[in-house]
Amino acid sequence: MAGADRPVVVLVVEDDDELRSMLVLNLERHGYEVEQAADGEEGLRIAKDLRPDLVVLDLMLPKLDGRQVCRLIREHDADVPVLVLTALDREIDVVNGLDAGADDYMTKPFSLREFLARVKALLRRTEPGRGNPAV
């Protein structure tokens, strides 16, 4: 986990290159160290190896579905916050995402300001002071 010796690390698992780049850029601008993956298998591997402080996860991913990724992350690390960011906006999709282990769920299109606020809130809940990487 992050601390004085390690920056706050966010893993972004998103197959849309343009959206992933935008998320990475904005998270880095706000002081987070960001790792990224373009498919579910790569995202799961990085999550297991890196143990990030937060995972931003799309549900519609190639190679391994985002819900499966979330379940497998939970088996490996029950404490890492997972923020689902997806185009799936039906009630059943939200319920299934949360049931898979997500801590929060946002639908696309989304507000960048709200996204960053949710990132901070999830990090604050898991360890005080982590929501603001400059702390």
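## Backbone angles in two loops

K63 has 61% relative accessibility and therefore counts as exposed, since that value is over 50%. In this predicted model, K63 is found in the loop between β3 and α3, and its phi is near 75 degrees, which is a positive value in a residue other than glycine.

R51 offers another case of a positive phi in a residue that is not a glycine, with a value of about 55 degrees. The place of R51 is in the loop between α2 and β3, a strand that covers residues 54-57. With a relative accessibility of 42%, R51 counts as partly exposed, because this class takes in the values between the 20% limit for buried and the 50% limit for exposed.

## A cis peptide bond

A further backbone feature concerns the peptide bond that leads from K108 to P109, which is cis and has an omega near -5 degrees. P109 is found in the loop that joins β5, made of residues 104-107, to α5, made of residues 112-126.

## The chain as a whole

Five helices and five strands make up the secondary structure of the chain, and when the elements are read from the N terminus on, they follow the order β-α-β-α-β-α-β-α-β-α. The chain has 135 residues, of which 47% count as buried, while its accessible surface comes to about 6,800 Å², with 47% of that area belonging to carbon and sulfur atoms.

If one considers the contacts in the chain with a separation of 6 or more, 62% of them are accounted for by residues that stand 24 or more positions apart.

## Helices α2 and α3

Helix α2, which runs over residues 40-50, packs with helix α3, residues 66-76, at an angle of about 15 degrees, and their axes are 10 Å apart. The two helices therefore count as roughly parallel, because angles under 35 degrees are given that description. The crossing in which α2 passes α3 is right-handed.

On the side of α2, the residues that take part are G40, L44, A47 and K48, and they meet V69, L72, I73 and H76 in α3. Sorted by class, this contact of α2 with α3 holds five nonpolar residues, two polar residues and one charged residue.

## Helices α1 and α5

Helix α1, residues 17-29, packs with α5 at an angle of about 60 degrees, with the two axes 11 Å apart. This angle makes α1 oblique to α5, and the crossing of these two helices is right-handed.

In this pair, M22, L23, N26 and L27 of α1 meet L112, F115, L116 and V119 of α5. By class, the contact of α1 with α5 has seven nonpolar residues and one polar residue, and no charged residues.

## R74, a buried arginine in helix α3

Does R74, which lies in helix α3, count as buried or exposed? R74 counts as buried, because its relative accessibility is 18% and the cut-off for buried is under 20%.

Once the neighbours within four places in sequence are left aside, R74 is in contact with D79, V80, P81, V82, A100, G101 and D103. One of these residues, G101, is 27 residues apart from R74 in sequence, yet the C-alpha atoms of R74 and G101 are 6.5 Å apart in space.

Note on methods
Residues numbered from 1 in each chain as written. Predicted model: local features only at pLDDT ≥ 70, side-chain atom pairs only at ≥ 80, totals over all residues. Heavy atoms only, no water. Helix = DSSP H or I, 4+ residues; strand = E, 2+ residues; numbered from the N terminus. Buried < 20%, exposed > 50% of the residue type's maximum accessible area, 1.4 Å probe, protein only. Contact = heavy atoms within 4.5 Å. Areas by Shrake-Rupley, 256 points an atom, 1.4 Å probe, with all protein chains shown as cover. Axes fitted to C-alpha atoms, helices over the stretch in contact; angles between N-to-C directions. Parallel < 35°, antiparallel > 145°, perpendicular 65-115°, else oblique. Left-handed = near helix turned anticlockwise from the far one by under 90°. Nonpolar A, V, L, I, M, F, W, Y, C, P; charged D, E, K, R; others polar.
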